[in-house]
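Dear colleague,

I am passing on to you the structure shown below. My notes on what was found in it follow.

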Amino acid sequence: MGKSLAAGGGSAYPPSYSAVPESVDASSLVARLRAAGCVYAEDEAAALLGAAGRPGRGATWLADAVARRVAGAPLEHLLEEVVLAGERIAVAPGVFVPRARTRVLVDVARERLPLGGVLLELCCGAAPVATLVGRDRPDVTALAADVDAAAVAVARRNLAGLGGLAGPAEAHGGDLYDALPPRWRGRVDVLAANAPYVPSAAVATMPREARDHEPRVALDGGPDGTSVQQRVLAGAAAWLRPGGILAIETSRAGAPALADRFRAHGFVPEVRVDDDVDGTAVVGRLAGARAGQYGDGASPTSGAPGGRRRDDGGPERRGGHA
């Protein structure tokens with residue numbers, strides 16, 4: 001079974017997630033999870049025990065949750081939340097679970113959004129980028145869209161928890177740009193997308209938690225893994241402001257080809273790599289935009305700790321994988 005879906009280099013849940021009730025034999029629970037192949041059995045046991053103490057749950061809920069986890073259900077679907085960049089985001093069974101590596105998109109959006117800017121997250125799933133950026137940037141407008149109705153419902157729940165944003169916080173259902181109200185055309189400052197980039201034939205080789213419990217539409221990137229990415233690229237310029245930023249998560253192996261496609265669509269690309277979470281994104285601004293025009297005084301060489309960039313669009317080749 002391995003790690004939880006969200007886990008990067010360690011458990012997705014900090015030790016402070018919960019206290020273990022004295023009435024429960026925690027060691028037996030840990031042993032059962034470890035026997036099922038859970039790499040971070042102690043942390044998962046603490047998370048499940050803490051969740052069982054919430055109103056409306058209890059011993060029956062815990063027994064069912066443990067049985068489902070042992071059978072391969074993602075821990076995050078059982079808890080109905082995930083920890084990303086140190087913060088909790090709601091998820092639900094059947095919805096794509098945000099991975100630790102998506103922090104690279106969160107960091108890009110935080111850095112590049114101008115004061116009062118508009119952020120759009122496509123292929124949003126639970127809308128982790130829009131949610132996390134909205135929590136610490138109350139001056140922004142946060143938009144999200146996904147083709148999966150269950151994902152849109154969870155995204156709306158996460159965005160509804162923002163409250164007090166200067167602009168709207170909206171999640172829309174539909175196929176990429178078709179989901180969006182026309183009033184946002186040409187007004188987006190940062191467009192972030194975790195479009196699926198697993199080649200169709202490779203979906204069957206993914207961990208059981210993903211291939212059996214997440215929607216295929218959130219995983220399958222087409223024959224070469226770039227079908228949805230190319231559609232995002234093709235429509236981006238019409239929705240971005242002049243000088244707006246497009247950021248698409250990808251694998252390290254796929255970054256050079258994606259950077260070339262950015263150029264073909266009139267963007268000046270750079271590859272952003274965050275070794276801490278094994279995250280990679282291609283980030284581009286429309287050619288001809290003024291330096292500094294894309295938000296908050298950032299420059300193409302600035303970045304969050306752990307991140308690295310190349311302005312020539314070439315990949316950073318220091319091992320790792322998607």
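Arg68 is partly exposed, with a relative accessible area of 35%. In this predicted model, Arg68 forms a salt bridge with Asp64, and the closest N and O atoms of the pair are 3.6 Å apart. Asp64 is likewise partly exposed, at 40% relative accessibility. Both residues belong to helix 3, and because they are 4 residues apart there, about one helical turn separates them. Elsewhere, Glu87, Arg110, Arg135 and Asp136 are joined into one network by salt bridges that share partners.

Two further salt bridges deserve your attention. In one of them, the side chain of Glu42 meets that of Arg34, with a distance of 2.2 Å from N to O. Glu42 has a relative accessible area of 44%, so this residue counts as partly exposed. Arg34 is also partly exposed, with a relative accessibility of 43%.

The other salt bridge brings together the side chains of Glu81 and Arg54, at 3.4 Å from N to O. This pair links distant parts of the chain, its members being 27 residues apart: Glu81 is in strand 1 (residues 81-84), while Arg54 is in the loop between helix 2 and helix 3 (59-70). Is Glu81 buried or exposed? At 11% relative accessibility, Glu81 counts as buried, whereas Arg54 is partly exposed, with a relative accessible area of 32%. A search of the whole structure finds 24 salt bridges.

A charged residue of another kind of setting is Glu44, which is found in helix 2 (residues 41-52). Glu44 has a relative accessible area of 2% and is therefore buried, as the limit for that class is under 20%. Which side chain makes a polar contact with the side chain of Glu44? The partner is the side chain of Arg69, at 2.8 Å. Leaving out residues up to four places away in sequence, Glu44 touches Ser4, Leu33, Cys38, Arg69 and Leu75.

I turn next to the nonpolar interior. In soluble globular proteins, nonpolar side chains tend to be buried together. Here the largest nonpolar core has 47 residues, of which Leu119, Val129, Val133 and Leu159 touch the most other members. When neighbours within four places in sequence are set aside, Leu119 is in contact with Ala109, Leu113, Val129, Ala130, Val133, Thr141, Ala142, Leu143 and Val190. There is also a second, separate core of 32 residues, which includes Leu122, Leu180, Val232 and Ala236.

Finally, some values for the protein chain as a whole. The chain has 10 helices and 10 strands. Of its 322 residues, 55% count as buried. Among contacts with a separation of 6 or more, 67% are between residues 24 or more positions apart. The protein chain exposes about 12,900 Å², and carbon and sulfur atoms supply 53% of that area.

When you open the model, you may wish to begin with helix 3, where Arg68 and Asp64 lie, and then turn to Glu44 in helix 2.

With kind regards

Key: Residues numbered from 1 in each chain as written. Predicted model: local features only at pLDDT ≥ 70, side-chain atom pairs only at ≥ 80, totals over all residues. Heavy atoms only, no water. Helix = DSSP H or I, 4+ residues; strand = E, 2+ residues; numbered from the N terminus. Buried < 20%, exposed > 50% of the residue type's maximum accessible area, 1.4 Å probe, protein only. Polar contact = N/O pair within 3.5 Å; in protein donor to acceptor, adjacent residues only side chain to side chain. Contact = heavy atoms within 4.5 Å. Core = buried A, V, L, I, M, F, W, Y, C linked by side-chain atoms within 4.5 Å. Areas by Shrake-Rupley, 256 points an atom, 1.4 Å probe, with all protein chains shown as cover. Salt bridge = Lys/Arg side-chain N within 4 Å of Asp/Glu carboxyl O.
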